Amino acid sequence: MLVARGEERLRAVADETGAEYAVCDVGDRPAVERVAGDILGRHPRIGLLVNDAGVPGRRGFLEADAKAIEQLVRVNYLGSVWTLRAFLRGLEAAAPSSVVNIVSVAGVVAFPPSGPYSAAKHAQLAFSRAIAAELRPRGIRVHTVNPGLVETEGFPQRDVLRMPVVGRLVVEPDRVAEHVARVLRRDRRETFVPGWYRIAALGQALLPGAVHRVLSRAGYRRERM
């Protein structure tokens with residue numbers, strides 16, 4: 001079952017995969033509850049929920065438009081909250097079941113040129129870790145996946161990063177999808193893709209000053225929000 005805002009692309013993927021789809025903005029809580037109710041009416045047991053909706057945000061707190069900051073919070077953080085709550089009874093009915101929250105390395109290490117995006121991802125990461133403990137007694141496993149730089153149409157990376165060396169760290173979305181499948185097979189709770197991005201989390205915890213100095217020189221060639 002595919003859920004996203006763009007019907008044209010949803011229909012194309014649904015035709016390719018044989019899936020059903022529903023048009024919904026996950027940042028709109030009433031819409032999420034309405035769509036989830038319709039889906040649960042046809043599919044009362046939800047064995048797997050993947051929260052991977054997101055919007056980019058490539059400006060800092062002082063330059064970003066206020067409405068864009070609010071959208072980042074609604075979609076990148078609250079979208080996961082509303083979607084999980086709306087489908088909870090389906091997940092409980094199918095238990096043991098799984099939830100995959102696609103967060104980001106930006107949820108572990110704040111990237112100043114996209115501060116509001118990082119803040120929303122920090123909130124989503126905290127949500128994913130906390131809800132994992134809440135859902136465990138109900139037979140629902142929560143898997144937190146923290147991708148690094150991933151090249152997609154909605155999140156172009158290589159052409160906008162100011163430091164060429166950082167561009168070499170970009171991966172394709174297929175790698176993330178393969179990683180998620182592996183996480184589910186091995187029942188991993190919190191992972192990074194590629195795995196060496198965990199070094200960034202360790203650096204943030206152990207050497208925050210050094211990480212700050214490195215990231216203060218990073219940025220984008222052209223700013224987008």
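What share of the contacts in the protein between residues at least 6 apart in sequence join residues at least 24 apart? Here the share is 66%, where contact means heavy atoms within 4.5 Å. The structure is a predicted model, in which local features need pLDDT of at least 70 and side-chain atom pairs count only at pLDDT 80 or more, while totals for chains, interfaces and linings use all residues. Residues are numbered from 1 along each chain as its sequence is written, and side-chain values use heavy atoms, with hydrogens and water left out.

The protein has eight helices and six strands, taken as DSSP runs numbered from the N terminus (helices H or I, at least four residues; strands E, at least two). Along the sequence they follow the pattern β-α-β-α-β-α-β-α-β-α-α-β-α-α. Of the 225 residues, 44% are buried; buried means under 20% relative accessible area, exposed over 50%, and partly exposed in between (1.4 Å probe, protein chains only). About 12,300 Å² is exposed by the protein, with 54% of it supplied by carbon and sulfur atoms; accessible areas come from the Shrake-Rupley method with a 1.4 Å probe, and for residues only the protein chains shown count as cover.

Helix α2 makes a good starting point. It spans residues 29–42 and reaches 20 Å from its first C-alpha to its last, close to the 20 Å expected at 1.5 Å a residue (the expected span being 1.5 Å times one less than the number of residues). Its buried residues are Ala 31, Val 32, Val 35, Ala 36, Ile 39 and Leu 40. Seen down the axis of α2, these fall within an arc of 155°, so they line one face of the helix; the arc is that of the directions from the helix axis to the C-beta atoms. An α-helix has 3.6 residues a turn, so residues three or four places apart point the same way. The cover over the buried residues of α2 includes β1 (2–4), β2 (21–23) and α3 (66–94), whereas the face turned away from the buried side carries the exposed residues Arg 34 and Gly 41.

The largest nonpolar core has 29 residues, of which Leu 84, Phe 87, Val 99 and Leu 135 touch the most other members. A nonpolar core is a set of buried Ala, Val, Leu, Ile, Met, Phe, Trp, Tyr and Cys residues joined through side-chain atoms within 4.5 Å. Two or more residues of the largest core come from each of α2, α3, α4 and β5 (140–147), and α3 gives the largest share, nine residues. A second, separate core of 10 residues includes Val 105, Val 109, Leu 149 and Ala 201.

Two helical residues deserve a closer look. Leu 10, in helix α1 (residues 7–17), is buried with a relative accessible area of 7%. Beyond its neighbours within four places in sequence, Leu 10 is in contact with Leu 2, Val 3, Ala 4, Tyr 21, Ala 22 and Val 23. Ser 118, in helix α4 (residues 115–135), is also buried, at 1%.

The backbone holds a few surprises. Most residues other than glycine have a negative phi, and most peptide bonds are trans. The bond from Ala 95 to Pro 96 is cis, with omega near 5°, and Pro 96 sits in the loop between α3 and β4 (97–102). The bond from Val 193 to Pro 194 is cis as well, with omega near -10°. Asp 187 has a positive phi of about 55° although it is not a glycine; this residue is partly exposed, at 34% relative accessible area.
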